[in-house]
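Me: I would like to go through this model in short questions and answers. Please keep each reply brisk.

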Amino acid sequence: MHDEKSLACDVPTEVLPEPSEVCISTKQSAGKPAVPCVETGQEVKEGQLIAKADGAISSNVFASVAGRVTAVKTGTSPAGAQETVIVIAAAGNGEKSYLPPLADPTAEQIVARIAEAGIVGLGGAGFPAAVKDAPKCKVDTLVLNGAECEPYLTCDHRLMVERTDDIVRGARYIAKALGISNVMIGIELNKPDAIAAFEPYADIKVVALKKRYPMGSEKHLIYSCTGRTVKYRQLPADAGVIVHNVGTALAVCEAIELGKPLYEREITVSGRAVKEPKNLWVKIGTSINDIVAYCGGEAEAPKKAVVGGPMTGTAIASYDNYVYKTTGGVLLMTAKEADTMEPTPCLNCGKCADVCPMHLMPMQTAFYSNTGDFDAAAKLGGTMYCIECGACEYVCPAKRPLIQAIRKTKAAVRAKNK
Ligand code: SF4
Ligand code: SF4
């Protein structure tokens, strides 16, 4: 697989200038959306709480600019879901409202701060980090995920090189919260400078990983770093391990030491249809329009635009979309890169099964979901074990929409089981 990381991996992070307006979704994590606690017309400061978490599997949402709330309304996510969004017109005065910094916090204070600061897994899944850091069973190992195995994405790579010490301090806080001292970081071998950056830290074991997609999936990372297996329906904690993305560790460091809530993050803007691929530090709620314009605009009309990575991201029909806590990238892909051939009938070649890291039968999922028999699709395809890495669809010579069939099957089975 061509990873195309060379487009941006050596481009140092730039801070995107403050946009004139941000549009912040209240659905920034797995679980329930947050509940707005500001009204139209209200003045807010950067870092001020604007929507409160609704239960444990939810996350607080904060203003990413100081300014005036101009709307609390219904918007549409990149995946097409209806959600409540809060629009803020920036005042440009930079007024901030942070939490009080914590000096030498206890384990309980760390977990409470992670929840209060709205920190979620920044690798893409968006699971509230505080829930992970208060596991119900005994864990002994923290694994930092620095694999960044998705093609094109280089934002974690830049963070590991540029913000190494902040990530390490964040990891130490998380380890303290978990009451453990065994901390590892898994980094793919294609990032030798990131591996070298962590080697001086005696309390962090660096595991150099083979470059192999989807190495960054939790189960594969845990196996590669510790040799432990996480079975179906088990969580990493059942194997004694907690995994956090390197960006999440950085956010934890800032929340503890600066009192800074999570309202900005690093993203990669790449693909051969964008003029200047970059790694950017951006505010949550920034428009993709502003981001593309800052990167010099289009080098050519993209065949496909994606938020996230090319394997697990979501294709968008226009740039009228916004950055979420979980947005790791914006990709503008040419026709050659996007490979948008029309699907043809299945050839029964078996390549999708050969490549599946979970040893599933995606062609069976696709076949039976097309007939509407989701039980058979799940049973014969093994669909509920799927980690949605996209490898099967990538290799399929018939360009079958396998991920679509997988998601449809999972949704149908879950709805039935409810
Ligand atoms: S997306 Fe495809 S290759 Fe990846 S785990 Fe699921 S079935 Fe297997
Ligand atoms: S790779 Fe595509 S064509 Fe081959 S068996 Fe799988 S779905 Fe069918």
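Reply: Ala, Val, Leu, Ile, Met, Phe, Trp, Tyr, Cys and Pro count as nonpolar, Asp, Glu, Lys and Arg as charged, and the others, Gly among them, as polar. Note too that this is a predicted model.

Me: By class, how does the lining of the second largest pocket divide?
Reply: The pocket holds about 1,200 Å³ of space. Its lining has 31 residues, and Lys304, Pro310, Ala338, Asp339 and Glu393 are the closest to the centre. By class, that lining has 14 nonpolar, seven polar and ten charged residues.

Me: Which elements each supply at least two residues of that pocket lining?
Reply: Both strands and helices are on the list. The strands are strand 15 (304–307) and strand 16 (314–316). The helices are helix 9 (335–338), helix 13 and helix 14.

Me: From which domains does the lining of the second largest pocket draw at least three residues each?
Reply: The domain assignment gives domain 1 (17–95), domain 2 (107–257), domain 3 (265–339) and domain 4 (351–417). The C-alpha centres of domain 3 and domain 4 lie 27 Å apart. The domains that each give at least three residues to this lining are domain 3 and domain 4.

Me: How many cavities of 30 Å³ or more does the structure hold, and what is the volume of the largest?
Reply: The structure holds two cavities of 30 Å³ or more. The volume of the largest is about 140 Å³.

Me: Which residues lie closest to the centre of the largest cavity?
Reply: The lining of this cavity counts 20 residues. They divide into twelve nonpolar, two polar and six charged. Closest to the centre are Leu122, Gly247, Leu262, Glu264 and Trp281.

Me: Which element gives the largest share of the lining of the largest cavity?
Reply: Helix 3 (155–162), helix 7 (246–257) and strand 13 (264–270) each give two or more residues to this lining. The largest share is five residues. It comes from helix 7.

Me: Between which domains does the largest cavity lie?
Reply: Look at where the lining residues come from. Domain 2 (107–257) and domain 3 (265–339) both contribute to the lining, so the largest cavity lies between domain 2 and domain 3.

Me: Which ligand takes up the space of the second largest cavity?
Reply: About 120 Å³ of space lies in this cavity. Of its 17 lining residues, Cys356, Leu360, Cys386, Cys392 and Ile406 are closest to the centre. Helix 11 (362–370), helix 13 and helix 14 each give two or more residues to the lining. The space is taken by ligand 1.

Me: By class, what is the shell around ligand 1?
Reply: Of the 13 residues around ligand 1, Cys356, Cys386, Cys389, Gly390 and Cys392 come nearest. Helix 13 (391–395) and helix 14 (402–417) each supply at least two residues of the shell. By class, the shell has eleven nonpolar, one polar and one charged residues.

Me: Which residues are closest to ligand 2?
Reply: The shell around ligand 2 has nine nonpolar, two polar and two charged residues. In all, 13 residues surround this ligand. The closest are Cys346, Cys349, Gly350, Cys352 and Cys396.

Me: Which strands stand at the edges of the six-strand sheet?
Reply: This open sheet runs in the order 1-14-13-17-15-16, with mixed pairing. Two of its strands each have a single partner strand, so one side of each is left without a neighbour in the sheet. They are strand 1 (14–15) and strand 16.

Me: What is the bridge partner of Ala305 in strand 17?
Reply: Strand 15 and strand 17 (residues 329–333) pair in the antiparallel sense. The pairing runs over four bridges. In strand 17, the partner of Ala305 is Leu332.

Me: Which are the edge strands of the four-strand sheet?
Reply: The strands form an open sheet in the order 2-8-7-4, and the pairing is antiparallel. Each edge strand pairs on one side only. The edge strands are strand 2 (21–25) and strand 4 (43–44).

Me: What is the bridge partner of Lys73 in strand 8?
Reply: Strand 7 (residues 67–76) and strand 8 (residues 82–90) pair in the antiparallel sense. Nine bridges join the two strands. In strand 8, the partner of Lys73 is Val85.

Methods: Residues are numbered from 1 along each chain as its sequence is written. Chains are lettered from A and ligands numbered from 1 in the order in which they are written. This is a predicted model: local features need pLDDT of at least 70, side-chain atom pairs count only at pLDDT 80 or more; totals for chains, interfaces and linings use all residues. Side-chain values use heavy atoms; hydrogens and water are left out. A residue is near a molecule or strand if one of its heavy atoms lies within 4 Å of it. Domain bounds come from an automatic or database domain assignment. Two strands pair if DSSP finds at least two bridges between them. On a 1 Å grid over the protein atoms alone, a cavity is a set of points where a 1.4 Å probe fits but cannot get out, and a pocket is an open set with protein on both sides within 12 Å along at least five of seven lines; lining residues have an atom within 4 Å of a point. A molecule sits in a cavity or pocket if more than half of its atoms lie within 2 Å of its grid points. Grid points are joined across faces, edges and corners, and a volume is the space filled by probe spheres set on the points.
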